[in-house]
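Q: I'd like a close look at one part of this model, going through the helices and the turns around them. Can you walk me through what is there?

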Amino acid sequence: MNDSLMSSEIAEPYAQALMSLAQSDNLTDRFGEDIAGLRQLLRDSEDLRKVLASPLIKADVKKGILRQSLGEQVHPITLNFLLLLVDRGRISFLDSICKQYQVLWRKLKQAVLAEVTSAVELSDAQKDAVRQKVIALLNAREVELETNVDPDLIAGVVIKVGSQVFDTSLRGQLRRIGLRLSGNS
């Protein structure tokens, strides 16, 4: 069994349990914010990822680190959920569980995730413009943006929503022109 399949099989039940708990307490949005913050923290802190994934570090130490680094930033139920993951030896799957929760959350909210890659960091106004464009294109209620910077794009943006890709980058335009020219020769 490959790692991503095993990770998915482990992550789904935990994410569904967290969603069920969130719905019963009317905390889906709060947990969604907590999960987004956790994913950002994991992206920003390689040390935290290593500590949580290490089988050599005792559960009590991992719990202490989670309590100290998250403190009052997350809902107490979210923190208890993380501590449960440590107890069950599943904390190394935290990012996969968080991703799966976000999928469930978006489905519940009728929202979509738009992965936006641009040549430079987008301003808030540009992010809003991209969000409105995706809403108009896909008739979504809400759009969550995940932004990345790729200087090789030169200019413009590439927006990926599910399997759909909208490429307005200069690199993409040059590639399309090249394909047309090579097709005409």
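A: Sure, and keep in mind that this is a predicted model. Let's start with helix H7, which covers residues 124-138. With 15 residues at 1.5 Å a residue, H7 should span 21 Å, and its end C-alpha atoms are indeed 21 Å apart, so the expected and actual spans agree. Right after H7 comes Asn139, and its phi is positive, near 55 degrees.

That's worth a pause, because most residues other than glycine have a negative phi. Asn26 also has a positive phi, near 55 degrees, and Asn26 isn't a glycine. You'll find Asn26 in the loop between helix H1 (3-24) and helix H2 (28-44). Its relative accessibility is 69%, and the cut-off for exposed is over 50%, so Asn26 counts as exposed.

Now for a pair of helices. The axes of H4 (residues 59-70) and H5 (residues 76-87) come within 9 Å and cross at roughly 160 degrees. Anything over 145 degrees counts as roughly antiparallel, so that's how H4 and H5 run relative to each other. The crossing of H4 past H5 is right-handed. On the H4 side, the contact uses Ala59, Lys62, Lys63, Leu66, Arg67 and Leu70, while H5 brings Leu79, Leu82, Leu83, Val86 and Asp87. Sort those residues by class and you get seven nonpolar and four charged, with no polar ones.

Terms used
Residues are numbered from 1 along each chain as its sequence is written. This is a predicted model: local features need pLDDT of at least 70, side-chain atom pairs count only at pLDDT 80 or more; totals for chains, interfaces and linings use all residues. Side-chain values use heavy atoms; hydrogens and water are left out. Helices (H or I, at least four residues) and strands (E, at least two) are DSSP runs, numbered from the N terminus. The expected span of a helix is 1.5 Å times one less than its number of residues. Axes are lines fitted to C-alpha atoms, for helices over the stretch in contact, and angles run from 0 to 180 degrees between N-to-C directions. Angles under 35 degrees count as roughly parallel, over 145 as roughly antiparallel, 65 to 115 as roughly perpendicular and the rest as oblique. A crossing is left-handed if the near helix is turned anticlockwise from the far one by less than a right angle, and right-handed if clockwise. Contact means heavy atoms within 4.5 Å. Ala, Val, Leu, Ile, Met, Phe, Trp, Tyr, Cys and Pro count as nonpolar, Asp, Glu, Lys and Arg as charged, and the others, Gly among them, as polar. Buried means under 20% relative accessible area, exposed over 50%, partly exposed in between (1.4 Å probe, protein chains only).
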